[in-house]
Amino acid sequence: MDRLHSEIKSVNQTLSWLNDLMQGLGRFVPRVVVVAPTHRGVRFGPRGSSMLYQPGLAFYWPIIHEFVLVPWTTQSIQFCARSLSVDGVESDRWIPRVAFVGLAMQYRVHDAILAATRTLNIHALADNRALAAVGRAWMNAAPEARLDPNTWLPSARDEVISDLDVFGVIVDRLDVTSIGIGIAVKIIGDWNYSDRDDGKRPQ
């Protein structure tokens, strides 16, 4: 049995070596890539050079080039409802209110080279910047006006448009899809379950 395992391990090492060799040799072979109508291709070459490829066939040489496909069509993000404080910090409410705000955003790349060189994940970048802009605009709005999106949404939209433009991304729409009102309840207590053997909540 030990001999069989040793032989299998030897075969796997040989196959891994051959795979690495073929991949290394393959870098000397020119490649052909089909750029779909929904994407643009960016070929990076020596000394930081770059070339944009429209839909169709694109050629590159892996030994000196790196080829990236960038989504070109409109992308959509449907955000999970975010909880935001309705009442200001000076509020005398015993139970503070929170709003659950649903958002949707549509964006697209207008500069593929800029997008390929400035970010590795366009979707995550757009998601993070939009949520941050909405949070700041919401907190800057007067507490009594926060339930009206018209008082803070234009500011958030302008901020995210400005933030994403430097990455080669255009924001077409940023909309509020829903606003729900709830309450935030803080249970007073200092329970450390890790210090108890039974894992039960103190009475």
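Biologist: Three strands form an open sheet with strand 7 in it; what is the order, and what is the pairing?
Modeller: The order is 6-7-8, with antiparallel pairing. Strands are DSSP runs of E, at least two residues, and helices are runs of H or I, at least four residues, numbered from the N terminus. Two strands pair if DSSP finds at least two bridges between them.

Biologist: What kind of model is this?
Modeller: This is a predicted model: local features need pLDDT of at least 70, side-chain atom pairs count only at pLDDT 80 or more, and totals for chains, interfaces and linings use all residues. Residues are numbered from 1 along each chain as its sequence is written, and side-chain values use heavy atoms, leaving out hydrogens and water.

Biologist: Back to the sheet 6-7-8. Which strands stand at the edges?
Modeller: Strand 6 (75-85) and strand 8 (169-183) do. Each has a single partner strand, so one side of each is left without a neighbour in the sheet.

Biologist: How many bridges link strand 6 and strand 7?
Modeller: Nine, in the antiparallel sense. Strand 7 covers residues 97-109. Ser76 has Gln106 in strand 7 as its bridge partner.

Biologist: Which strands does helix 3 lie across?
Modeller: Helix 3 (residues 122-140) lies across strand 6, strand 7 and strand 8. Its direction is at about 35° to strand 6. Angles run from 0 to 180 degrees between N-to-C directions, with axes fitted to C-alpha atoms, for helices over the stretch in contact. Contact means heavy atoms within 4.5 Å.

Biologist: New topic. What is the strand order in the sheet with strand 2?
Modeller: That open sheet of three strands runs 3-2-5, paired antiparallel.
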